[in-house]
2 protein chains.
Amino acid sequence: MSIYYQIYESLKKDLSNNLYKPGEKLPSEKVLSKRFGVNRHTIRRSLQLLKNEGILFSKRGSGIIVHDNRFKYKIGKRVRFSQNILNENYIPETTILRSEIRKASKIEAKNLEINSKHEILLIETIGKINNVPSIKTKRIISNKRFPDFFDIFQKQLSITKTLKILGVNDFFRKNTLVTAEQADSIQANLLHCKINSPLLKTTYINQDLNLIPIEYSQTWFVGERIQLALEN
Amino acid sequence: MSIYYQIYESLKKDLSNNLYKPGEKLPSEKVLSKRFGVNRHTIRRSLQLLKNEGILFSKRGSGIIVHDNRFKYKIGKRVRFSQNILNENYIPETTILRSEIRKASKIEAKNLEINSKHEILLIETIGKINNVPSIKTKRIISNKRFPDFFDIFQKQLSITKTLKILGVNDFFRKNTLVTAEQADSIQANLLHCKINSPLLKTTYINQDLNLIPIEYSQTWFVGERIQLALEN
DNA sequence: AATTATAAGTTGTATAGTTGTATAGTAAAG
DNA sequence: CTTTACTATACAACTATACAACTTATAATT
């Protein structure tokens, strides 16, 4: 087998072992050619294969960068899970983990601007991108305001569609907080990531056109696979 | 007598007269074929005989290189690459293939007797004897214990000298394991040997006078050119 | 402190030269 | 008739070198 192909396989192995991480630069062609003891053109031929696969891309004068194939999840005024994913030509899917109706906690009541004696509906879902579970969401919704929410959501599996049926034609973000957490074993299992993998956690409120809060929710994103693109 | 055999004898005579010295290149096949007035394939046939004898080695795209014969490499309590070679009146040279700082693997941490969370420095070098690359070494050194190791080594190109500067005046082998491997195309290219040529692989630990491991390393020797002389 | 030159390093491209390999053909020897 | 030695040609793989285009870091200048 030709040398350039062997080098290609060697580099591919390094990449899959995360020796060179997405977004980072590879050693320069000069350094690589020394490492493998070949001419620069031979290295370039190996790299070309990886470029063709979309794993690497190069910038003249700058270097060779490992392609960041993390999904770019847009967060702005109007955040729509399915649409976000369809826009990037990926396939979205939502599955329900559990639901629960109980009294609102102090924080929940405050954020939903409801009386703390009122009941809320809690829904936990997993969002899949191309069949890979990468997003976990926990929603708190006023059960008094939307008593039929869960029944409809269970069929629609979409917040946007459910709200439309309930007469809310549009809604948007009041605010979004982003923090980082480590995945515990339960989350790791649900989200198909390793224990202690970094998770991006967003806490936010969606409100209707009258500025009344609809949901107070939290969403966890697997950091290795998703990057949040903040829009203004 | 056939032409190719006569050319072979003529070239062999030139080689033994040191007309072409070890480490140097022969004239190209094109030039030789013109000189002897034969087709390139005929020259190649002559050269093949010399390659079989281990006197010549060819590199695609580069040329044909003159090699030395078998070198005796001593392995005992105190193994010193340069000194070993100078003692036999040969010229040693070390070139760096690559260096890398990363977390220790389980085996590396165990052999260096360090915590597996610590970082290690990896250095890969090629050792040349009379300008013929024959030895490849991969060293693992605690980056915590010797944070400046690579900077110094890069200038000194000698483990002994580097350690002396770092305050380690002497070191010796804890143990040496010898196994055999086949050269893959990358190694064969680096070490100027044929694919599948046998390589002697030594795995060893060098420790200081307090018996603390300094380096956990592996060295590959081209079996055709180097024999290991084990001392007790 | 901010801006501008300068230098050094990186990738892209072009050209020429080298060895490896495959195929086809000729001539002589057994 | 088959094998061996040798020629002829072509292409693939790899090296060597040079230069252009571009980026980045550093030094110099304002």
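**Exercise 1. In chain B, work out which residues join α2(B) to α3(B), and how the two helices are set against each other.**

Solution. Start with the residues, bearing in mind that this is a predicted model. On the α2(B) side, pick out E29(B), K30(B), L32(B), S33(B) and F36(B). Facing them from α3(B) are R40(B), I43(B) and R44(B). Sort that group by class and you get three nonpolar, one polar and four charged residues.

Now for the geometry. The two axes come within 9 Å and cross at roughly 105 degrees. Angles from 65 to 115 degrees count as roughly perpendicular, so α2(B) and α3(B) are roughly perpendicular to each other.

**Exercise 2. Do the job again for α2(A) and α3(A): what is the angle, and which residues make the contact?**

Solution. Take the angle first: α2(A) and α3(A) pack at about 105 degrees, and their axes are 9 Å apart. That pair is therefore roughly perpendicular. Next come the residues. From α2(A) you have E29(A), K30(A), L32(A), S33(A) and F36(A), and from α3(A) you have R40(A), I43(A) and R44(A). The class count is three nonpolar, one polar and four charged.

**Exercise 3. Stay in chain A and describe how α1(A) packs with α3(A).**

Solution. Step one is to find the helices: α1 covers residues 3–16 of chain A and α3 covers residues 40–52 of chain A. Step two is the geometry, with an angle of about 55 degrees and axes 8 Å apart. Step three is to name the arrangement. An angle of 55 degrees falls outside the 65 to 115 band for roughly perpendicular and isn't under 35 either, so α1(A) and α3(A) are oblique to each other. The crossing of the pair is right-handed.

Step four is to list who meets whom. I3(A), Y4(A), I7(A), Y8(A), L11(A) and K12(A) come from α1(A). They meet T42(A), I43(A), R45(A), S46(A), L49(A) and L50(A) of α3(A). By class, this contact has eight nonpolar, two polar and two charged residues.

**Exercise 4. Find out how many residues surround DNA strand C, and which elements supply them.**

Solution. There are 16 residues around DNA strand C, and the closest are E29(A), G61(A), S28(B), E29(B) and S58(B). The elements giving two or more residues are α2 (29–36) and β2 (63–66) of chain A, plus α2 (29–36) and β2 (63–66) of chain B. Split by class, that surface has two nonpolar, eight polar and six charged residues.

**Exercise 5. Now take DNA strand D: how many residues surround it?**

Solution. Here the count is 24, with I3(A), G61(A), I3(B), N39(B) and G61(B) the closest. At least two residues each come from α1 and α3 of chain A, and from α1 (3–16) and α3 (40–52) of chain B. The surface near DNA strand D is made of six nonpolar, 12 polar and six charged residues.

**Exercise 6. Look at where chain B touches chain A: which element of chain B gives the most?**

Solution. Count the two sides: seven residues come from chain B and 10 from chain A. On the chain B side, β4 (92–103) and α8 (185–191) give two or more residues. α8(B) gives the most, with four residues. The chain B side divides into three nonpolar, two polar and two charged residues.

**Exercise 7. Say how far apart the two domains of chain A are.**

Solution. The domain assignment gives domain 1 (3–66) and domain 2 (71–230). Their C-alpha centres lie 39 Å apart.

Notes: Residues numbered from 1 in each chain as written. Chains lettered and ligands numbered in written order. Predicted model: local features only at pLDDT ≥ 70, side-chain atom pairs only at ≥ 80, totals over all residues. Near = placed C-beta within 6 Å. Nonpolar A, V, L, I, M, F, W, Y, C, P; charged D, E, K, R; others polar. Axes fitted to C-alpha atoms, helices over the stretch in contact; angles between N-to-C directions. Parallel < 35°, antiparallel > 145°, perpendicular 65-115°, else oblique. Left-handed = near helix turned anticlockwise from the far one by under 90°. Domains from an automatic or database assignment.
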